[in-house]
Amino acid sequence: MKFTEEHEWLLVEGDLVVVGITNHAAEQLGDIVFVELPDEGREVTKDEEVVVIESVKAASDILAPLDGEIVEVNEPIVEEPGKINEDPEGEAWFFKMKVEDLSALDDLMDEKAYKDFIS
Amino acid sequence: MGEGERMTDEPTELKTTVLNELHHARGAKMVGFAGYEMPVQYKLGVLKEHLHTRNKAGLFDVSHMGQVILRGPNLAEALERLVPVDVAGLAEGRQRYAFFTNDAGGIEDDLMIANRGDHLFVVVNAACKEADVARMRAALEPGGITVKLLENRALVALQGPEAEDVLAEHCPAVRDMRFMDVETLPIAGAECWVSRSGYTGEDGFEISVPNVAAVDLVKSLLSDARVEPIGLGARDSLRLEAGLCLYGQDLDPGTSPVEAGLTWAIQKVRRADGARAGGYPGAERVEREIAEGPARKRVGLRPEGRAPMRAGVVLYDAEEGGAEVGAVTSGGFGPSVEGPVAMGYVSARCATEGTALWGELRGKRVPVRVAKLPFVPAGFKR
């Protein structure tokens with residue numbers, strides 16, 4: 001699993017990258033009450049706003065971690081945003097994207113580097 | 001400007017309440033609020049804290065609020081020159097909601113006034129307390145009235161349907177109190193000033209307790225399995241669902257009590273043709289708006305879908321084009337309503353319950369309906 005400074009995690013699954021937010025991010029945000037996911041098929045560029053999440057406290061944007069195409073989104077978290085607090089690094093992933101060049105992930109933090117980053 | 005007055009980026013030192021250590025010990029996440037370091041949530045989190053208060057009992061530290069004692073001759077009449085409510089007719093042992101107005105008829109702060117026999121006990125908002133005390137001193141001291149801001153008492157609120165049962169274990173007399181009654185009662189060995197009131201829409205009590213006894217009182221209330229400590233996050237969602245105004249958001253110096261839907265708090269005796277009509281700052285505007293209706297009104301708002309509409313969201317009367325008709329002043333997710341809820345001000349023509357409006361969220365107009373307040377029925381014991 002790889003991590004961004006925006007507190008997203010990325011996991012390679014075949015030729016796709018699964019993206020979600022970290023336990024740390026979910027904890028900081030507090031109870032999440034609303035999620036808006038991008039349309040499947042949307043082409044995104046790195047740092048483009050792709051997901052809106054709102055907790056009881058505030059709204060936050062989730063940025064695309066890489067250039068690519070959104071191929072699948074996790075609809076159940078739209079119906080039950082609380083799942084993001086329960087299992088952010090598992091069941092409550094946000095979207096899967098197809099990226100041109102998987103080597104772009106090499107620049108991201110590994111788990112140890114992310115742990116240092118948030119401590 | 002002298003050297004010492006230069007602006008710096010240094011954070012200002014936050015004040016603490018006497019319960020500060022207890023908040024930390026209970027795992028609270030602390031934030032700056034009105035100059036105080038206060039708990040925004042504990043380990044349960046905002047959602048569960050909110051629901052716990054609606055279902056059982058929640059304990060809130062509201063010691064940052066200003067507790068003020070007024071004493072002196074012709075006290076009620078003198079205070080009526082600052083607030084448009086009936087103070088003279090407030091019976092001993094009763095409390096009433098009020099607001100300070102300015103010359104333009106806007107609201108400078110909202111407050112509670114209790115008649116405690118030989119004095120009035122006033123509770124004002126934390127962010128306004130210095131200004132409120134200055135206002136009362138300027139107006140009341142020349143008439144021989146003393147205005148004392150208490151630094152030696154904490155204030156806690158126990159709110160929720162089980163609040164009475166919990167507090168009655170410490171002091172059975174609370175069972176006989178009705179909504180807005182005030183009494184001096186011994187609780188956990190201290191002389192407490194108790195009122196049956198609060199700001200969550202639930203039944204409950206607000207307890208002024210000497211600082212020296214506050215930690216013991218709170219620990220003993222929290223030792224009851226029915227009670228959880230509740231932070232400012234849930235306090236905000238509870239009062240929003242209850243349709244109650246937050247000063248600085250839903251009320252401000254430009255907003256009149258009539259626009260704010262608070263005319264109910266201006267008793268007949270203080271309205272035009274009443275025995276003690278007017279005589280407070282801005283009475284002319286308030287009376288005119290009561291007679292003719294205000295240009296804009298505070299309303300409840302139920303956004304469609306799940307996206308919260310927060311303070312600042314602009315409201316329109318059409319999905320495309322149309323006119324800007326108002327804005328949200330408080331909004332978020334209502335845990336008991338299980339959906340987004342908001343309040344805001346809209347043009348009078350759009351203020352009827354059921355009116356379809358649109359709020360602009362991230363560049364998109366999202367439908368929202370004018371709704372009845374409160375969003376949840378009040379649990380007061382009248």
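User: In this predicted model, which residue of β8(A) does A:Val44 stand opposite?

Analyst: A:Val44 faces A:Gly68 in β8(A). The model is a predicted one.

User: What makes β5(A) and β8 of chain A paired strands?

Analyst: Two strands count as paired if DSSP finds at least two bridges between them. Two bridges join β5(A) to β8 (residues 68-73) of chain A, so the criterion of at least two is met. These two strands run antiparallel.

User: Where does this pairing sit in the sheet, and in what order do the strands follow?

Analyst: The order in chain A is β1-β2-β3-β9-β8-β5, an open sheet of six strands with antiparallel pairing.

User: Why are β1 (2-3) and β5 (43-44) of chain A said to stand at the edges?

Analyst: Each has a single partner strand, so one side of β1 and one side of β5 in chain A lack a neighbour in the sheet.

User: What is the secondary structure of chain A as a whole?

Analyst: Chain A has four helices and nine strands, arranged along the sequence as β-β-β-α-β-β-β-β-β-α-α-β-α.

User: Why is chain A called as compact as a globular protein of its length?

Analyst: For 119 residues the globule rule gives 14 Å, and the radius of gyration of chain A is 13 Å, close to that value; chain A is therefore as compact as a globular protein of that length.

User: How many residues does each chain bring to the contact between A and B?

Analyst: Chain A brings eight residues and chain B twelve residues. On the side of chain A that touches chain B, β4 (32-36) and β6 (49-55) each supply at least two residues. The residues of that side comprise four nonpolar, one polar and three charged.

Note on methods
Residues numbered from 1 in each chain as written. Chains lettered and ligands numbered in written order. Predicted model: local features only at pLDDT ≥ 70, side-chain atom pairs only at ≥ 80, totals over all residues. Rg over C-alpha atoms; globule rule 2.2 N^0.38 Å. Contact = placed C-beta atoms within 7 Å. Nonpolar A, V, L, I, M, F, W, Y, C, P; charged D, E, K, R; others polar.
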